[in-house]
Amino acid sequence: DRASSLQTLNLEQNTIGSKGVAAMVPFLKNSLNLMELNIGYNLRFGSHGFRTVVEALHGGSIENLHVDRCNIHEIAVLEQCHLPLLKKLNLGSNSVRIIPSLEKYTNLQELILDWNDIGKDGCTSIANLLRNRSSSLRKLGVIHNDINDEGAEIIASSLKENGSLTCLNLEYNEFGRRGCRAFLELLNDASCVGATYRSNHTLEIITLPHVVNLNQDSVENDDDSRKLKTAIYAAAEINSECSATGNAGRTKVLETQLHSAKRTELRRLLHRTPQDHPHGQRQHPTSQNAAETHSNESLFAEIDPILLPNILSCVAKTHGHNELYVMLLATVPYLSSVVNRVAVIQELLSENATQIARLNETYARESAALTRVHLEKTEVLTAETLRLRRELRRMTATATGAVEGKSGAKTMETGLRKSRGMVDGNEVAENSLCGRKRRRRSASF
């Protein structure tokens with residue numbers, strides 16, 4: 001009952017040997033709810049003890065297993081058995097050389113292999129785990145494991161397909177500029193804008209080797225090595241700062257690709273030298289200044305021209321107008337190669353033809369409307385003109401009749417006046433005659 005309810009068991013520093021391990025097996029098999037087991041710092045534990053414990057825990061509920069500094073050389077049992085819920089495995093400070101396939105441990109989030117001897121072959125096994133799309137590994141510790149440039153390149157290459165690992169500790173290994181260059185290419189591939197945007201944006205913490213052998217091309221032998229480390233840490237820091245927003249790719253492009261000095265320096269650091277090639281192989285002479293030549297090429301060839309105004313605006317806001325001027329000055333000679341002149345002219349011709357046809361349609365439609373309106377207005381004006389003419393004739397006729405009437409009245413009045421004059425004259429004459437007659441009669445009397 002106690003075993004079935006136990007969740008954590010710490011047996012660290014108990015000098016557990018083969019007899020102690022054998023005594024543990026029944027208890028471990030009955031510990032159905034055991035989630036964490038610490039057997040660290042038991043130097044007599046050995047590979048046999050590790051095998052026995054893993055077999056006892058096979059298919060169980062164990063999540064955290066600590067077997068660091070237990071004098072373990074071989075861990076093949078991890079491939080033969082399965083701990084389906086295992087999240088953390090600490091195998092630090094042992095003598096493990098061969099790493100079995102761990103691809104089925106899809107719940108494994110932290111793997112500590114510090115201070116072992118996994119070398120290049122062990123890196124290959126780890127790389128297979130990292131390439132597994134179902135992998136949930138977030139932290140990997142491989143401090144002091146005889147990892148050379150090839151081993152570093154293997155791990156870096158596998159992380160190009162990994163979207164879970166956030167922390168990687170590579171201290172006290174033996175790779176130099178070549179290995180560091182692989183991690184810079186992983187985190188911020190400055191070869192082109194697209195490569196930068198598609199770089200690894202998940203790895204947030206990476207620790208690189210210190211000086212381990214000044215007779216070889218170790219990381220801190222020269223200024224370029226320090227610059228490589230600085231560039232790697234800067235890219236990892238961008239990943240960390242942008243983990244919540246998911247804008248790491250955009251930020252890297254803006255901070256490095258769109259800054260001429262940083263872009264040139266990163267491409268120079270990524271440029272391989274003859275010492276980077278095995279067996280002293282030398283590059284073709286024409287490729288010696290490839291990084292410098294490519295960094296001066298127009299970035300516009302890598303960008304959709306429709307985005308250029310926004311990109312240039314971002315350059316001005318982020319790096320200032322001096323950097324904007326430098327970018328434009330460096331890219332002006334290449335602008336003609338960016339634009340497909342034939343396609344542009346054909347597109348303009350097509351747009352012009354479409355616009356002309358649209359204008360013709362508008363003209364025909366508006367002309368017809370104007371003609372109809374014109375005809376309607378003409379008919380109205382014609383009718384109005386006819387009405388006004390009729391009115392004018394009527395008014396003229398009326399005026400003429402009035403004038404003629406007035407003339408007749410005047411004639412009659414004149415006639416009457418003349419008649420009255422004649423009557424009056426007659427009366428006067430008659431009165432005068434009568435008066436003379438009366439005077440004659442009076443005289444006769």
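Begin by selecting Tyr-325, Val-326 and Leu-329, which in this predicted model form a nonpolar patch on the surface, with about 310 Å² of accessible area together. Keep Val-326 selected and show the backbone around it, and you will see that Val-326 is found in helix α14, which covers residues 321–331. Val-326 has a relative accessibility of 37%, and therefore counts as partly exposed.

Next, turn to the aromatic rings, of which the structure holds 2 pairs. Select Trp-115 and Tyr-172, whose ring centres are 6.1 Å apart and whose planes meet at 35°, so this pair is tilted. If you colour the chain by position, you can follow how the pair links distant parts of it, since Trp-115 sits in the loop between β5 (110–112) and α5 (119–131), whereas Tyr-172, 57 residues apart from it, sits in the loop between β7 (167–169) and α7 (177–187). Trp-115 is partly exposed, with 44% relative accessible area, and Tyr-172, at 38% relative accessibility, is partly exposed as well.

Now move to Phe-175 and Phe-183, where the ring centres are 6.2 Å apart and the planes stand at 35°, so that this pair, too, is tilted. Are these two rings buried or exposed? Phe-175 is buried, with a relative accessible area of 1%, and Phe-183 is also buried, at 0% relative accessibility.

Finally, select the cysteines Cys-180 and Cys-192, of which Cys-180 is buried at 1% relative accessibility, while Cys-192 is partly exposed at 24%. How many disulfides does a search of the whole structure find? The search finds 0 disulfides.

Terms used:
Residues are numbered from 1 along each chain as its sequence is written. This is a predicted model: local features need pLDDT of at least 70, side-chain atom pairs count only at pLDDT 80 or more; totals for chains, interfaces and linings use all residues. Side-chain values use heavy atoms; hydrogens and water are left out. Patches are made of residues with over 30% relative accessible area and no salt bridge: like charges are joined within 9 Å, nonpolar side chains (Val, Leu, Ile, Met, Phe, Trp, Tyr) within 5 Å. Accessible areas come from the Shrake-Rupley method with a 1.4 Å probe; for residues, only the protein chains shown count as cover. A salt bridge is a side-chain nitrogen of Lys or Arg within 4 Å of a carboxyl oxygen of Asp or Glu. Helices (H or I, at least four residues) and strands (E, at least two) are DSSP runs, numbered from the N terminus. Buried means under 20% relative accessible area, exposed over 50%, partly exposed in between (1.4 Å probe, protein chains only). A disulfide is a pair of cysteine sulfur atoms within 2.5 Å. Rings of Phe, Tyr and Trp (its six-membered ring) pair if their centres lie within 6.5 Å; planes under 30 degrees apart count as stacked, over 60 as edge-to-face and the rest as tilted.
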